[in-house]
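Ready for some practice in reading a protein structure? Work through each exercise below, then compare your reasoning with the solution.

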Amino acid sequence: MENALRNAVKNNELELYYQPVIEIATRKIIGAEALLRWNHPQMGLVMPDEMIEIAEESGFIVSIGEWVLREACTQFVKWRADRVGVSPIERIAINISAVQFRQNDFVDKVINIVAESGIVPSMLELELTESVIVDKIDTVIEKIKRLRKAGIAISMDDFGTGYSSLAYLKRLPFTTLKIDRTFVRDITIDEDDAALIETILSMASIFKLDVIAEGVETIEQFEFLASHGCQYFQGYLCSKTVQVSKFEELFLHEIQSCSSGV
Ligand code: C2E
Ligand code: CA
Ligand code: CA
């Protein structure tokens, strides 16, 4: 697997799929999260959970992550230029591994790719997980600040599953919190999960952070989130993670496809 992964970028075997991000107030697709897939010549479609860890351990995640960043920015700029949809897409989110973030030249690389691709920096959102924060916190803060200064948005992914500390939330200049889907799953049946989400939402409003709820699958979950002031969601209620052509289709027919559920 490791050997095969070594050549995956070079052999053009990697592909980005996209999942729509929906604004709850308007029920419109306003953005997308890029999610990695590997078309392995023998194994077929390999999912991130089966490869990211190997890519991190071997260090290949650095070049893979760079490819992801370049590819997603280029695709997004193309979507904007093509004016796909009635209103152009506003945001593209990309997952960043802690190993990738830890590289000394990470920020410079991002800024270079932003410049090369021509993406408006504020339309790019980097998703970091709490595993990033366990590193030297001052260095982490400095990097995030440099990215923010360049206009790039930063979100905390899988919020609530790791070492999230309120002290960090206060010190780190995030723009967005993404509520992990394990909390969303039971909001309509488990009072504790409902209370937890309400707390996250009110905390986010104090810190002036946007919130994206992940893994929204039912209309009941959607309604709960909408009535508690959550701004955005992703999930099967609107769409699975799909290939470029399918995403473009969804985006063109955004009103039909996402309001069929919501
Ligand atoms: P994530 O960032 O939390 O991404 C969301 C995952 O949940 C995606 O799985 C998505 O397909 C899935 N999902 C979305 N909506 C629903 C829903 O309504 N219900 C359920 N049950 N699942 C839903 P995927 O694509 O398999 O990605 C898994 C993880 O792999 C991602 O979790 C992310 O941490 C990582 N990953 C994906 N692409 C990249 C990448 O380019 N770089 C890095 N470093 N990590 C990546
Ligand atoms: Ca993510
Ligand atoms: Ca997530």
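**Exercise 1.** Find what share of the contacts between residues at least 6 apart in sequence joins residues at least 24 apart.

*Solution.* Start by noting that this is a predicted model. A contact here means heavy atoms within 4.5 Å. Take the contacts between residues at least 6 apart in sequence; 68% of them join residues at least 24 apart.

**Exercise 2.** Work out how the radius of gyration compares with the globule rule for 262 residues.

*Solution.* Begin with the parts list: twelve helices and nine strands. The radius of gyration is 18 Å, close to the 18 Å from the globule rule for 262 residues, so the protein is as compact as a globular protein of that length. Next, picture the box that the C-alpha atoms fill, roughly 45 × 45 × 35 Å along the principal axes. Finally, look at burial: 49% of the 262 residues are buried, where buried means under 20% relative accessible area.

**Exercise 3.** Identify the protein donors of the calcium ion (ligand 2) and say which parts of the chain E33 and D157 tie together.

*Solution.* First, list the donors: E33 (OE), N95 (OD1), E127 (OE) and D157 (OD), at 2.1 to 2.3 Å from the ion. Second, write their spacing in sequence, E-x61-N-x31-E-x29-D. Third, place two of them: E33 is in strand β2 (residues 28-40) and D157 in strand β6 (residues 153-159), so this pair ties together parts 124 residues apart in sequence. Both E33 and D157 are buried.

**Exercise 4.** Which two ions does D157 bridge?

*Solution.* D157 bridges the calcium ion (ligand 2) and the calcium ion (ligand 3), and these ions lie 3.8 Å apart.

Definitions and conventions
Residues numbered from 1 in each chain as written. Chains lettered and ligands numbered in written order. Predicted model: local features only at pLDDT ≥ 70, side-chain atom pairs only at ≥ 80, totals over all residues. Heavy atoms only, no water. Helix = DSSP H or I, 4+ residues; strand = E, 2+ residues; numbered from the N terminus. Rg over C-alpha atoms; globule rule 2.2 N^0.38 Å. Buried < 20%, exposed > 50% of the residue type's maximum accessible area, 1.4 Å probe, protein only. Donors = N, O, S within 2.8 Å, 3.2 Å for Na, K, Ca; no water.
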